[in-house]
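Here's a quick tour of the structure, heading by heading. Keep the 3D view open as you read.

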Amino acid sequence: MSVMRSVLLAISENRWMRERGPRLWFVKRAARKFMPGEAFDDMLRAADELRPLGIEAVFTRLGENVSDAAEASAVTRHYLEVLGAIASKGIRCEPSIKLTQLGLDLGKAEAYANLRALAERSHETGNYLWVDMEQTSYVDVTLELTRRLKAEFPGVGVCLQAYLYRTHDDLKALIDQGIGVRLVKGAYKEPPELAYPKKSDVDENFFKLAVAMLDGLGRKNGFRPVFGTHDANLIARIRAHAERAGLAARDVEVHMLYGIQRAEQGRLVKEGAVVRVLIAYGAYWFAWYMRRLAERPANVWFVVRSMFAG
Ligand SMILES: Cc1cc2nc3c(=O)[nH]c(=O)nc-3n(C[C@H](O)[C@H](O)[C@H](O)COP(=O)(O)OP(=O)(O)OC[C@H]3O[C@@H](n4cnc5c(N)ncnc54)[C@H](O)[C@@H]3O)c2cc1C
């Protein structure tokens with residue numbers, strides 16, 4: 001892991017910086033590259049702009065490690081309202097949520113009650129619900145709560161991280177249970193005992209897991225494979241494998257983050273793949289934005305440049 005990446009990830013987890021960083025106007029300005037704005041309407045506007053391009057949206061209200069029950073309830077109420085609002089407008093837009101934003105640090109029961117309420121509303125409105133994956137200490141509980149949810153609601157998926165050694169086994173179990181999987185490389189700082197330290201190993205593991213996911217497509221249990229990556233080479237390898245396996249172009253579903261690899265998104269749609277873009281909004285964007293910088297430390301120059309931009 002590069003020194004710059006480690007520093008940026010350490011900043012993302014630092015409480016003092018999480019509180020003060022968002023007040024820095026030039027950081028706020030640079031963050032706009034990855035989020036259209038802080039309000040829900042900013043997200044909807046961006047989703048509207050993507051639709052004519054054949055791209056649907058996934059949305060998330062930023063925030064994590066909520067340590068106050070009232071705040072976790074307020075986040076849940078917000079999602080319940082917006083799920084109702086998008087359904088009444090006929091917009092297809094899937095929520096993606098972090099369990100620590102729903103109160104997981106306060107207790108499993110608290111987080112599950114909030115999660116279940118969101119799954120119920122998603123189900124009523126014909127929507128799919130994604131659960132994000134956070135640091136390794138949360139993996140077991142995230143999978144446990146997602147499984148409980150799936151026993152009641154069909155349209156549920158969870159994120160798995162290709163940098164973790166354990167993901168191969170986790171994936172197998174999720175495919176068997178028909179729980180959707182959004183495979184990503186992994187965005188947190190993890191020790192070498194738990195995660196591949198070398199990027200080339202992570203990329204290779206991603207490909208192997210992707211092959212297993214496409215094999216799982218034949219099941220009739222509702223398993224939905226999604227590849228959450230901006231890595232054009234990896235996507236090309238996965239699509240080539242799908243073609244060799246006799247799958248249709250539409251069977252490969254790629255999710256990317258707003259503002260990253262726009263040309264590649266358009267190209268994939270033209271070639272028949274399903275593309276969704278995850279659009280983030282909300283006031284608590286600092287830790288999330290630091291992880292985006294860590295993924296591509298060259299992005300730090302956007303922050304520097306935004307200090308001098310007119
Ligand atoms: C839809 C979606 C949901 C995600 N959800 C989670 C989650 O729940 N848990 C989790 O741990 N991680 C999540 N991530 C983040 C993920 O783990 C990676 O950190 C991130 O996607 C970067 O890896 P990559 O696959 O794009 O490949 P990389 O090899 O890092 O990047 C490939 C290429 O993409 C471009 N690129 C990648 N990142 C950036 C960036 N920040 N800025 C500009 N260009 C960039 C560059 O051109 C780069 O060469 C999510 C990612 C996506 C797309």
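## Two helices side by side

One cut-off first: angles under 35 degrees between axes count as roughly parallel. Keep in mind, too, that this is a predicted model. Now look at helix α8 (residues 167-177) and helix α9 (residues 199-216), whose axes come within 11 Å and cross at roughly 10°. That is under the cut-off, so α8 and α9 are roughly parallel to each other.

Which residues make the contact? From α8 come Thr167, His168, Leu171 and Ile175, and from α9 come Leu209, Ala212, Met213 and Gly216. Sorted by type, the residues of this contact are 5 nonpolar, 3 polar and no charged.

## Around the ligand

Next, the ligand. It has 23 residues around it, and the ones that come nearest are Asp132, Val184, Gly228, Thr229 and His230. Three elements give two or more residues to this shell: β4 (156-161), β7 (253-257) and α12 (286-295). The largest share belongs to β7, with 3 residues.

What's the chemical mix of the shell? You'll find 9 nonpolar, 8 polar and 6 charged residues there.

## The nonpolar core

The largest nonpolar core counts 81 residues. Those with the most contacts inside it are Leu102, Leu115, Val158, Val181, Leu183, Val254 and Ile279. As for elements, α12 supplies the largest share of this core, 7 residues.

Leu183 is a handy one to click on. Leaving aside residues up to four places away in sequence, Leu183 touches Leu160, Ala162, Phe206, Leu209, Ala210, Met213, Phe227 and Gly228. Two of those names may ring a bell: Leu209 and Met213 are also among the α9 residues that contact α8.

## Two loop residues with positive phi

Where does Asn65 sit? Asn65 is in the loop between β1 (56-61) and α5 (69-88). Its phi is near 50°, a positive value in a residue other than glycine. Is Asn65 buried or exposed? A residue needs 20 or more other C-beta atoms within 10 Å to be buried, and 12 or fewer to be exposed. Asn65 has 17, so Asn65 is partly exposed.

Gln261 also has a positive phi without being glycine, this time near 55°. Look for Gln261 in the loop between β7 and α11 (262-270). With 18 C-beta neighbours inside 10 Å, Gln261 is partly exposed. The strand at the start of that loop, β7, is the one that gives the largest share of the shell around the ligand.

Note on methods:
Residues numbered from 1 in each chain as written. Predicted model: local features only at pLDDT ≥ 70, side-chain atom pairs only at ≥ 80, totals over all residues. Near = placed C-beta within 6 Å. Helix = DSSP H or I, 4+ residues; strand = E, 2+ residues; numbered from the N terminus. Nonpolar A, V, L, I, M, F, W, Y, C, P; charged D, E, K, R; others polar. Axes fitted to C-alpha atoms, helices over the stretch in contact; angles between N-to-C directions. Parallel < 35°, antiparallel > 145°, perpendicular 65-115°, else oblique. Contact = placed C-beta atoms within 7 Å. Core = buried A, V, L, I, M, F, W, Y, C linked by C-beta atoms within 7 Å.
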